[in-house]
Amino acid sequence: MLSGLYKNPLRVYLIIGGLALLGMFSGLKLPISLYPNSNRPTIHASISYGAMNSKEFLETFGKNIENRLNTLSQGTIALEKLTARYRSSRAQYKMQFSWGVTPKEAKKEVETILNGLSGTWPREVRDSLSVGFWSKSSGFIAISFYSEQRDLEELYNIIDPALTPKLSKVEDAEDPGLWNPTSKEVQVILNKEVMATLGLYPKQIETAINTGLRGSFAGSIKVGSSRLNIQMPRLLEGLDSLNNLSFNSPKGDTIFLREVAEIKIQEARDSNKVFKTSGTKSLILFAGPKTGGNVKKMAEDILAITDETLRELPQDIKYRVLVDPSEFIRASVQNVVHEVILAAALAVLILFLFIGSIKNTITAAIEIPLSMVLAFILMKLTGMNLNLISLGGLAIAAGMNVDASVVTMENIFRHFEKINGPLTYAQKCSVIIKAVKEVALPIVASTLSTLVVFTPLAFTSNLTNA
């Protein structure tokens, strides 16, 4: 079968070219991160209490949620530790899975359980459910913004409207956001006696506030083949509108929120955090990749958006990149490319010194990078990603290819030197096959001797296995 393939050189070139294109396509589609995906994923889930307090939520839903999540420790996806925190307004669950569990599988299992339980939850609780993935090895980008002429509040009011809408369009980023040190929280403290007198319940107040915070759909206008949606602005735009928020009591009387509650505005819980850049108070942009996202592309997209946005803002506003994961990955890619070029050049030089023919030795220069490209196909099929470890492996493989190329090519040319006179294409193929068979076993043994060094790591656990 193989001999029939070799007899048609055009067919060989087409197959190699097709595999090369498939390899390049696979390489472009591989997710990129700092470290391998086979890590120890941590899944976070957050649920609002709605009209309940923390104790009521714990007794009504919380204990059942914990029991169901703990069942994951008995399945194929091992949950090692579950931490539940019931804060003032939300329940937060942190689930740490064992090494080797893929983040996508862990997140999917958690979502399946919580979505199944949410059918019995009130709507405002169900709508607040969020599940996310975080890994210390996934990498993140951090950028500081500062100005010596403006305070943080003014700086935030300038940057946030210009930057945040653009950041939301970065496909690989998970909830990128600009930290606001001057953010405020509004507290609505209900008067229990007045509420009881009027026959009102906290849930009615919360429903009225949530309704006021949402804009309403007011229809659409069709212009030619286009349809424009009309969105009415939300009722609540400030403290005055919140104080004057009205709703009906059970008796049908119109009640204003100020009559049944004390409304306060105060500093947010994290407002005491201070970040400085070159001694100047700064805003910080944080962003991490989505599960399986391309952290390199995420960082590059955010940097491009930041650079573009800052050009449109006053010149006194500056930014500095604090953490850029794409920088490490680019350096690693450059190292691999350098190794491949160096390996191919050395192989060609050595073969030329011994054989003296550039035409014959140029094959080695093509074979080494081609084998790298073909490796991307298997990486795609096995779910691997490009990271500092796999790129380092490719660099090692480039050196191993030099050894194999030199030995194989030298043996092929040695056989051709023994033959006098021209050869047909079929005779050349026969000579090459015979020469390759002679060195096949030694080359395989030499390669295996290198792989044997790493093989024991595959039988370990935790970090070394990853």
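Two residues are taken to be in contact when heavy atoms of each lie within 4.5 Å. By this criterion, among the contacts in the chain that join residues at least 6 apart in sequence, 71% connect residues at least 24 apart. The model is a predicted one. Its chain has 466 residues, of which 35% count as buried, and its secondary structure comprises 16 helices and 15 strands.

Ser33 provides an example of a contact between distant parts of the sequence. This residue is found in the loop between helix H2 (9-29) and strand S1 (42-48). Although placed in a loop, Ser33 is buried, because its relative accessible area is 6%, and the limit for a buried residue is under 20%. When residues up to four places away in sequence are not counted, Ser33 touches Val295, Ile329, Asn385, Leu386, Asn387 and Leu388. In addition, the C-alpha atom of Ser33 is separated by 9.6 Å from that of Lys297, and these two residues are 264 residues apart along the chain.

A second loop residue, Ser278, has a positive phi of about 55° although it is not a glycine. Ser278 is placed in the loop between strand S13 (276-277) and strand S14. With a relative accessibility of 55%, Ser278 counts as exposed, since the limit for that class is over 50%.

Helix H6 spans residues 152-167 and bends by about 45° at Asp160; a proline, Pro161, follows within four residues. The buried residues of H6 are Leu152, Leu155, Tyr156, Ile159, Leu163 and Leu167. These buried residues pack against three strands, S5 (141-146), S6 (173-178) and S14 (280-289), and against helix H11 (295-312). The axes of H6 and H11 are 10 Å apart, and the two helices pack at an angle of about 155°. H6 is therefore roughly antiparallel to H11, as angles over 145 degrees fall in that class. The crossing of H6 and H11 is right-handed. From H6, the contact involves Ala162, Leu163, Lys166 and Leu167, while H11 contributes Ile302, Ile305, Thr306, Glu308, Thr309 and Glu312. Five of the residues in this contact are nonpolar, two are polar and three are charged.

Helices H14 (residues 388-417) and H15 (residues 425-454) form another packed pair, with axes that come within 9 Å and cross at roughly 155°. H14 and H15 are accordingly roughly antiparallel to each other, and their crossing is right-handed. On the H14 side, the contact is made by Ile396, Met400, Ala404, Val407, Thr408, Asn411, Ile412, Arg414, His415 and Phe416; on the H15 side, it is made by Lys428, Val431, Ile432, Lys434, Ala435, Val436, Glu438, Val439, Ile443, Thr447, Thr450 and Phe454. The residues of the contact between H14 and H15 comprise 13 nonpolar, five polar and four charged.

A further helix pair is formed by H3 (residues 54-70) and H4 (residues 103-117), whose axes come within 10 Å and cross at roughly 145°. The crossing of H3 and H4 is right-handed. Asn64, Ile65, Arg68 and Leu69 of H3 make the contact with Val110, Ile113, Leu114 and Leu117 of H4. Six residues of the contact between H3 and H4 are nonpolar, one is polar and one is charged.

Note on methods: Residues numbered from 1 in each chain as written. Predicted model: local features only at pLDDT ≥ 70, side-chain atom pairs only at ≥ 80, totals over all residues. Heavy atoms only, no water. Bend = angle between axes of the 7 residues up to and from the residue. Buried < 20%, exposed > 50% of the residue type's maximum accessible area, 1.4 Å probe, protein only. Axes fitted to C-alpha atoms, helices over the stretch in contact; angles between N-to-C directions. Parallel < 35°, antiparallel > 145°, perpendicular 65-115°, else oblique. Left-handed = near helix turned anticlockwise from the far one by under 90°. Nonpolar A, V, L, I, M, F, W, Y, C, P; charged D, E, K, R; others polar.
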